[in-house]
Amino acid sequence: MTLRIAMLIQRYYPLVGGAERQVGALAPLLRSSGLDVQIVTRRYAGLADFELIDGVPVHRLPIPGPKACASLSYTLCALPLLRRLRPDLVHAHELFSPATTALLAKHLLHVPVIATLHRSGAPGDVQRLRQKLLGTQRLALFKRYIDLFVCISQEIRGELMAVGVAESQMVCIPNGVDPIRFAPVSEANKRELRRRLGLPEGPLVIFSGRLVPEKRVQHLLAIWPALRQICPQAVLVILGTGPLETELRAMAGAGVVFAGLVDDVHLYYQAADIFVLPSVAEGLSVAMLEAMATGLAVVVTDVGGAAEVINAGQHGLLVPPDDPMALQTALLTLLLDAEQRRSFGLQARQRVLERYALPAVAQQLISVYQRLRTQHTGDLQLVEPR
């Protein structure tokens with residue numbers, strides 16, 4: 001019997017961040033493995049109510065008015081849709097309106113619920129909920145009624161344990177990346193890609209992510225003139241959009257390229273030499289894993305799950321968050337040492353192949369779905385006789 005999964009997420013393609021890219025990569029793979037996966041998300045301006053994306057049905061629900069009204073509208077519209085979809089399991093991505101909606105669906109449809117947390121630290125679900133009105137009460141409901149929490153990093157697991165979630169109620173499944181799409185290319189192909197993408201020659205450093213405060217892109221722009229004094233040909237390419245874009249563009253000097261939101265992010269990684277991520281908070285960065293799979297040397301802040309992936313000095317360089325001088329020193333080290341970049345890149349890709357390949361991650365998730373569904377069916381059979 002086909003297992004029907006409803007995935008609830010606030011945003012989905014073409015609006016992308018780390019969580020959206022991870023769900024967008026997993027959902028088609030899960031469907032190709034025989035699961036009936038449906039995405040239930042919010043409808044933002046210019047997007048259709050329904051479409052197929054990579055063969056995955058995407059249902060977008062109206063979110064009129066201010067934030068509270070938007071959340072209520074999403075939930076009220078999702079519940080009748082879920083009745084029609086009749087999922088065997090609801091998978092919420094985030095502990096806000098997706099998880100709240102999932103719990104109501106559990107009550108109405110009598111199905112198990114999974115929740116994945118995609119960020120830790122100050123912008124993460126647990127800390128944000130604790131600061132919100134009635135946030136403690138919502139956390140208590142989630143602890144009581146969510147069947148399983150999926151932790152993408154040990155830091156998220158620790159945050160859940162700190163608010164009383166039992167170890168038996170959590171499973172650690174990291175983010176994954178497609179190692180075929182995100183794969184290194186030869187130097188000749190790299191030069192050709194740069195020509196096609198309109199990128200200059202010289203050492204190329206790439207950032208990919210939403211342009212929001214916690215990504216600390218302003219630190220990159222602040223140190224870039226000093227790096228260019230030593231490496232005049234170095235280029236910084238910034239992929240992504242967000243609320244800080246206008247401000248960041250105004251800060252940028254020579255040797256900085258804003259490429260915006262791109263569908264073919266893997267081509268930019270393949271054209272680059274170094275990946276940088278100066279965030280002050282992450283869960284387990286999908287962009288970092290993609291860059292590592294592509295064979296890039298990486299410089300990332302030691303936040304979220306970065307240290308679980310990277311052995312500093314073997315797969316890349318870790319720097320403290322909010323330390324622009326440490327960030328500058330690490331980038332300069334790699335800009336001046338092509339052999340070190342090559343060595344880090346080779347070992348980074350091997351690390352991803354061993355632990356973070358998307359097919360293995362998808363299989364872990366399928367096993368969890370099947371186990372929960374079997375347990376739930378068994379529980380129903382136990383209570384049915386009167």
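In this predicted model, helix α8 passes helix α13 in a right-handed crossing. The axes of α8, residues 217-230, and α13, residues 324-335, come within 10 Å and cross at roughly 40 degrees. At that angle the two helices count as neither parallel nor perpendicular, and α8 and α13 are therefore oblique to each other. The chain around them has 15 helices and 14 strands, and the points below treat the helix contacts, the two sheets, the overall dimensions and some backbone features.

**The contact of α8 with α13**

- On the side of α8, the contact is made by H219, L220, I223, A226, L227 and I230.
- On the side of α13, the contributing residues are P324, L327, Q328, L331, L332 and L335.
- By class, the residues of this contact divide into 10 nonpolar and two polar, with no charged residue.

**The six-stranded sheet**

- Six strands form an open sheet with parallel pairing, in the order β11-β10-β9-β12-β13-β14.
- The edge strands are β11, residues 256-260, and β14, residues 316-319, and each of them pairs on one side only.
- From one strand to the next, the twist of this six-stranded sheet averages 20 degrees.
- Within the sheet, strand β12 (residues 274-277) and strand β13 (residues 297-301) run parallel and are joined by four bridges.
- Residue F275 stands opposite V298 in β13.
- Helix α8 lies across β9, β10, β11 and β12, and its direction is at about 165 degrees to that of β10, residues 235-239.
- Helix α13 lies across β9, β12, β13 and β14, running at about 175 degrees to β13.
- Strands β9 and β12 thus appear in the list for α8 and also in the list for α13.

**The eight-stranded sheet**

- Eight strands form an open sheet of mixed pairing, in the order β3-β4-β2-β1-β5-β6-β7-β8.
- Strands β3 (50-53) and β8 (170-172) stand at the edges with a single partner strand each, so one side of each is left without a neighbour in the sheet.
- The twist of the eight-stranded sheet averages 25 degrees from one strand to the next.
- Edge strand β3 pairs with strand β4, residues 56-61, in the antiparallel sense over four bridges.
- Residue F50 stands opposite H59 in β4.
- Helix α2, residues 67-85, packs on this sheet and touches β1 (4-9), β2 (36-42) and β4.
- The direction of α2 makes about 160 degrees with that of β2.
- In general, strands of a sheet pair through backbone hydrogen bonds, either parallel or antiparallel.

**The contact of α1 with α11**

- Helix α1 and helix α11, residues 286-293, pack at an angle of about 60 degrees, with their axes 9 Å apart.
- Helices α1 and α11 are therefore oblique to each other.
- Residues G18, R21 and Q22 in α1 meet V286, A287 and E290 in α11.
- The contact of α1 with α11 has two nonpolar, two polar and two charged residues.

**Overall dimensions**

- The radius of gyration of the chain is 21 Å, close to the 21 Å that the globule rule gives for 386 residues, so the chain is as compact as a globular protein of that length.
- Taken along the principal axes, the C-alpha atoms of the chain fill a box of roughly 80 × 40 × 40 Å.

**Backbone features in loops**

- Most residues other than glycine have a negative phi, and most peptide bonds are trans.
- A cis peptide bond joins Y13 and P14, with omega at about 10 degrees.
- Residue P14 lies in the loop between β1 and α1, the latter spanning 18-32.
- Residue H110 is not a glycine, yet has a positive phi of about 60 degrees.
- The loop that holds H110 is the one between α3 (97-109) and β6 (113-117).
- Residue R216, likewise not a glycine, has a positive phi of about 55 degrees.
- The place of R216 is in the loop between β9 (204-208) and α8.

Key
Residues numbered from 1 in each chain as written. Predicted model: local features only at pLDDT ≥ 70, side-chain atom pairs only at ≥ 80, totals over all residues. Heavy atoms only, no water. Axes fitted to C-alpha atoms, helices over the stretch in contact; angles between N-to-C directions. Parallel < 35°, antiparallel > 145°, perpendicular 65-115°, else oblique. Left-handed = near helix turned anticlockwise from the far one by under 90°. Contact = heavy atoms within 4.5 Å. Nonpolar A, V, L, I, M, F, W, Y, C, P; charged D, E, K, R; others polar. Pairing = 2+ DSSP bridges. Rg over C-alpha atoms; globule rule 2.2 N^0.38 Å.
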